[in-house]
Amino acid sequence: AVAQRSGLDLQGEEEPRSLDSMRDLIDDMHVVVALQEGARERIGELPFHTTLLDWEVSYPTADLDQQRTEATLEEALKQLTVEIRHLMRTLRGKGAN
């Protein structure tokens, strides 16, 4: 519901995959974004050309009712939007349009 209200179409998207199933892909990545506490330790060593960004994002806990869960998800979406916008500005550089 939160995704739909925010204009995100998640239909047809891949199911989330475990970090272990993506280990071979990390060598080709330039930026890895960690969204959970402890991800840096779980990822381990990265290639020297890969940057790990640790973004603190609020996630709902199992004890929340639906209204508070949706509010927490909406806040997480706002946090991610700000972080992604900042990352894109950094990657684009100051002079880019």
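Among contacts in the chain between residues at least 6 apart in sequence, what percentage join residues at least 24 apart? In this predicted model, the share is 25%. The chain holds three helices and two strands, which follow one another from the N terminus in the order α-β-α-β-α. Of its 97 residues, 19% are buried, and the chain exposes about 8,100 Å², with carbon and sulfur atoms supplying 50% of that area.

**Strand pairing**

- Strands E1 and E2 pair in the parallel sense, and the pairing runs over four bridges.
- Within this pairing, alanine 34 stands opposite aspartate 54, a residue of E2.
- The side chains of E1 alternate along the strand, with Val32 and Ala34 pointing to one face, where they are buried, and with Val31 and Val33 pointing to the other face, where they are not buried.

**The nonpolar surface patch**

- Val31 and Val33 also belong to a nonpolar patch on the surface, which they form with Leu35, Tyr59, Ile84, Met88 and Leu91, and the accessible area of these residues together is about 570 Å².
- Two elements, strand E1 (31-34) and helix H3 (66-92), give two or more residues each to the nonpolar patch, and the largest share, three residues, comes from H3.
- Tyrosine 59, another member of the patch, is found in the loop between strand E2 (51-54) and H3.
- With a relative accessibility of 40%, tyrosine 59 counts as partly exposed, because that class covers values from 20% to 50%.

**Threonine 50 and its surroundings**

- Threonine 50 has its place in the loop that lies between helix H2 (39-43) and E2.
- Threonine 50 counts as buried because its relative accessibility is 9%, whereas the cut-off for buried residues is under 20%.
- A polar atom of the threonine 50 side chain lies 2.6 Å from the backbone oxygen of methionine 29.
- When residues up to four places away in sequence are not counted, threonine 50 touches Ile26, Met29, His30, Val31 and Val32, and two of these names recur elsewhere in this briefing, since Val31 is part of the nonpolar patch and Val32 points to the buried face of E1.

**The salt bridge**

- The count of salt bridges comes to one, and it is formed by arginine 40 with aspartate 54, whose closest N and O atoms are 3.6 Å apart.
- Because arginine 40 lies in helix H2 and aspartate 54 in strand E2, the pair ties together parts that are 14 residues apart in sequence.
- Arginine 40 counts as partly exposed, at a relative accessibility of 40%, and aspartate 54 is likewise partly exposed, with a relative accessible area of 42%.
- Aspartate 54 therefore appears in two settings, as the salt-bridge partner of arginine 40 in the link between H2 and E2 and as the residue that alanine 34 stands opposite.

**Residues of helix H3 and their distances**

- Glutamate 83 is found in helix H3, and with a relative accessible area of 26% this residue is partly exposed.
- The C-alpha atom of glutamate 83 is separated by 9.8 Å from that of valine 57, although the two residues are 26 apart along the chain.
- Lysine 78 is also found in helix H3, and this residue is exposed because its relative accessible area is 54%, where the exposed class begins over 50%.
- The C-alpha atoms of lysine 78 and serine 6 are separated by 9.9 Å, while the residues themselves are 72 apart along the chain.

Terms used. Residues numbered from 1 in each chain as written. Predicted model: local features only at pLDDT ≥ 70, side-chain atom pairs only at ≥ 80, totals over all residues. Heavy atoms only, no water. Patch = residues over 30% accessible without salt bridge, like charges linked within 9 Å, V, L, I, M, F, W, Y side chains within 5 Å. Areas by Shrake-Rupley, 256 points an atom, 1.4 Å probe, with all protein chains shown as cover. Salt bridge = Lys/Arg side-chain N within 4 Å of Asp/Glu carboxyl O. Buried < 20%, exposed > 50% of the residue type's maximum accessible area, 1.4 Å probe, protein only. Pairing = 2+ DSSP bridges. Polar contact = N/O pair within 3.5 Å; in protein donor to acceptor, adjacent residues only side chain to side chain. Contact = heavy atoms within 4.5 Å.
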